[in-house]
Amino acid sequence: MDDLELSYKEASSPFHRMDPFSKTLYILAVSTTAIFNSSLYVGIGLFVLTFSCAAFFSGVSLRAYWKLGKVVLPFILILTFVFPFFYAGQVSIGSEDIAIRTPIKDLTWAALGFGALLGLRFLAIGLSGLTYAFTTHPSDLVQAFSRRGLDYRLVHAPVLGLVLFPSFLQLGRDISTTQRIRDLGADLHPIARKWASLKHLAFSMLLMGLRRGQTQAMALDIRGYGAHKTRTFLRPIPSSSAGRVFGWTCFVLAVAYLVLQLGNLAGHMPWDFGG
């Protein structure tokens, strides 16, 4: 199994030189535009933007993106090819003419467009999220938002997630290896065996995650973290004028697009399955 690692990667790319707040504006802009998008051209353009940022401006190889991307790729394929069967008038593209006839349901061009928009949404959000994780040092994230007056508990919640996620993945691999060695569910159907192993895996990771979080919380309390309003950071926070301009530009364009879209999307969003 490939080593999956969602953590900061040292480099000197334009995204590494951006401050975390500007990158947060970027990911908020991408997420907002992707969720409320109703145009195939905007969806493709958003994917091209996030892919270009990942490939040319993050300083991280596409192989690193692929290692994690191929894990969620089946989920995206399900959204693209299965969810059209649940199309019920949500925001989409295409006409109501029949495009494909299947034994289950005849799919219109609008239903296929619904699946395409869902797939493009999650591709864009996933790429922007990976770029954020690969190029943002946890210390920079803490420093940037602490200086803006956020409570340290709110700041450390996502930071601990970034820091501990690789160890949780490793824990999951160790548990899966142990289950295979002990031949868990050898007498079961492959699907039932997979379900049984997932139940044991989820329970074990939940307990270990709670224990790890409690250990981190105790370490912070023992060191008196949060007792003082100011802190001395050993690592200087990165910052660039071009990064701030890029982040704010993406955010303003996303807000403008959202304002234009709100009047057209009421009752037609992907979660409006009632039609």
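**Figure 1. W248 is partly exposed in this predicted model.** W248 has a relative accessibility of 42%. That value falls between the cut-offs of 20% and 50%, so W248 counts as partly exposed. F21 has 18% relative accessibility and counts as buried. This value is under 20%, which is why F21 is placed in the buried class.

**Figure 2. F21 and W248 form a tilted aromatic pair.** The structure holds 9 aromatic pairs. In the one formed by F21 and W248, the ring centres lie 6.1 Å apart. The planes of F21 and W248 make an angle of 55°. F21 sits in helix α2, residues 20-35. W248 sits in helix α9, residues 241-265. The two are 227 residues apart, and the pair links distant parts of the chain.

**Figure 3. F75 and F122 meet edge-to-face.** Their ring centres are 5.5 Å apart, with 90° between the planes. An angle over 60 degrees counts as edge-to-face, so this pair of F75 and F122 takes that label. F75 belongs to helix α4, residues 62-81, and F122 to helix α5, so the pair ties together parts 47 residues apart in sequence. F75 counts as partly exposed, at 44% relative accessibility. F122 is also partly exposed, at 36%.

**Figure 4. C53 touches an aromatic cluster.** The cluster is formed by F15, Y26 and F246. C53 touches F15, Y26, S58 and F246, leaving aside residues up to four places away in sequence. C53 itself is found in helix α3. Is C53 buried or exposed? With a relative accessible area of 4%, C53 is buried. This is under the 20% cut-off, so the buried label applies to C53. C53 and T131 are 78 residues apart in sequence. In space, their C-alpha atoms are 7.8 Å apart.

**Figure 5. One cavity, with its lining.** A search of the whole structure finds 1 cavity of 30 Å³ or more. The largest cavity has a volume of about 40 Å³. Its lining is made up of A34, N37, G43, L46, L117, L120, R121 and A124. Two elements give two or more residues each to this lining: α3 (40-56) and α5 (109-135). Which element gives the most to the lining of the largest cavity? That element is α5, with 4 residues. By type, the lining residues divide into 5 nonpolar, 2 polar and 1 charged.

**Figure 6. V245 is an exposed residue of helix α9.** V245 has 53% relative accessibility. That is over 50%, so V245 counts as exposed. V245 and S22 are 223 residues apart in sequence. Their C-alpha atoms are 8.3 Å apart in space.

**Figure 7. V91 is a buried loop residue.** V91 lies in the loop between α4 and β1 (98-100). At 7% relative accessibility, V91 counts as buried. V91 and G113 are 22 residues apart in sequence. From C-alpha to C-alpha, V91 and G113 are 9.0 Å apart.

**Figure 8. G126 is a partly exposed residue of helix α5.** The relative accessibility of G126 is 32%. This lies between the cut-offs of 20% and 50%, so G126 counts as partly exposed. G126 and I27 are 99 residues apart along the chain. Their C-alpha atoms are separated by 9.8 Å.

**Figure 9. The whole protein, as a setting for the close-ups.** The secondary structure comes to 9 helices and 2 strands. Along the sequence, the pattern reads α-α-α-α-β-β-α-α-α-α-α. The protein has 275 residues, of which 36% count as buried. What share of the contacts with a separation of 6 or more comes from residues 24 or more positions apart? Such residues account for 75% of those contacts. The protein exposes about 16,200 Å². Carbon and sulfur atoms supply 67% of that area.

Terms used: Residues are numbered from 1 along each chain as its sequence is written. This is a predicted model: local features need pLDDT of at least 70, side-chain atom pairs count only at pLDDT 80 or more; totals for chains, interfaces and linings use all residues. Side-chain values use heavy atoms; hydrogens and water are left out. Buried means under 20% relative accessible area, exposed over 50%, partly exposed in between (1.4 Å probe, protein chains only). Contact means heavy atoms within 4.5 Å. Accessible areas come from the Shrake-Rupley method with a 1.4 Å probe; for residues, only the protein chains shown count as cover. On a 1 Å grid over the protein atoms alone, a cavity is a set of points where a 1.4 Å probe fits but cannot get out, and a pocket is an open set with protein on both sides within 12 Å along at least five of seven lines; lining residues have an atom within 4 Å of a point. Grid points are joined across faces, edges and corners, and a volume is the space filled by probe spheres set on the points. Ala, Val, Leu, Ile, Met, Phe, Trp, Tyr, Cys and Pro count as nonpolar, Asp, Glu, Lys and Arg as charged, and the others, Gly among them, as polar. Rings of Phe, Tyr and Trp (its six-membered ring) pair if their centres lie within 6.5 Å; planes under 30 degrees apart count as stacked, over 60 as edge-to-face and the rest as tilted.
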